[in-house]
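Visitor: I'd like a close look at one part of this model, rather than a quick tour of everything. Pick a single element and show me what it packs against.

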Amino acid sequence: MNLDLEPLRIWLHSTGISWIMTHTKWAWAASETLHFMGLTLLIGTVGLFDLRLLGLAKGVSPAALHRLIPWGIGGFIVNVLTGFCFLAGTPDQYLYNNAFRLKVVFLFLAGINVLVFYSAVFRRVRILGPGANTPLAAKIIACTSLALWIGVISCGRMLTFFRPLPGTHH
C-alpha cells in the first residue's frame, strides 16, 4: 500500500508552526530540549513501573509507583506536541523516513499495550503490596512495554541517519 503523503506534506509545510521551526534560531533547540525532558518523564515513570512489574524494586508496591504515571503522561503530551513541531518543521524528512514510520508503528503498539494493561490486569496489580509478585500477564505486558519504548527511542535516534534525500520521496 503506497499512501500519497504529498498533500499532508504540503499542508504541514504551510503551517505557522513550520515557519517558526524553520525561521527562528531557538525553536528547534527549545523543542529538542522539551522533547528530551518529556521523554525522561515518560520513560522514567513508565519504565520504572514496568521494571517493578517485572520484579525489580519489590519493596515498593506497584500502586505507589503508579502514582507517578501522570508525570509520564505529561511527558508523553510534551513529546507529542514537540514531535508535531518537528514534523511540521521538516515534513519531508519525517513522512518519507522509514525510521519515523517504524517509530509511529511502535507508538501505536505501545498504545494498544497500555489499553490491554488497563483493561486486563490493572485491577489485579493495583491491589498488590510491597514484596508481592505480579501476575504473569502483567509481566508480559511490562516486558512488551519496555521493548516498544526501546523501539520508539531507537527509531527516534535513527531518524537523522535515514533521512530521505531531497526530491526522492515522490
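Guide: What follows sets the scene briefly and then zooms in on helix 9. Keep in mind that this is a predicted model, where local features need pLDDT of at least 70, side-chain atom pairs count only at pLDDT 80 or more, and totals for chains, interfaces and linings use all residues. Numbering runs from 1 along each chain as its sequence is written, and side-chain values use heavy atoms, with hydrogens and water left out.

The chain has nine helices and zero strands; here helices (H or I, at least four residues) and strands (E, at least two) are DSSP runs, numbered from the N terminus. Along its principal axes, the C-alpha trace spans about 55 × 35 × 25 Å. Of the 170 residues, 37% are buried, meaning under 20% relative accessible area, with exposed being over 50% and partly exposed in between (1.4 Å probe, protein chains only). Take contact as heavy atoms within 4.5 Å: among contacts between residues at least 6 apart in sequence, 80% join residues at least 24 apart.

Now for helix 9 itself, residues 136-158. Its 23 residues should span 33 Å at 1.5 Å a residue, and its end C-alpha atoms are 33 Å apart, so the two agree. (The expected span is 1.5 Å times one less than the number of residues.) The buried residues of helix 9 are Ala138, Ile141, Ala142, Ser145, Leu148, Trp149, Gly151, Val152 and Cys155. If that spacing rings a bell, remember that an α-helix has 3.6 residues a turn, so residues three or four places apart point the same way.

What do these buried residues pack against? Their partners are helix 3 (27-53), helix 5, helix 7 (98-120) and helix 8 (122-125). That leads straight to the largest nonpolar core, a core being a set of buried Ala, Val, Leu, Ile, Met, Phe, Trp, Tyr and Cys residues joined through side-chain atoms within 4.5 Å. Of its 17 residues, the ones touching the most other members are Val46, Phe49, Leu53, Phe117, Val121, Val125 and Trp149. Helices 3, 7, 8 and 9 each give two or more residues to this core, and helix 9 has the largest share, with six.

Phe117 makes a nice side view: leaving aside neighbours within four places in sequence, Phe117 is in contact with Phe49, Leu53, Phe122, Val125 and, from our helix's buried set, Ile141. Apart from this core lies another, of 14 residues, including Ala27, Leu87, Ala88 and Tyr94.
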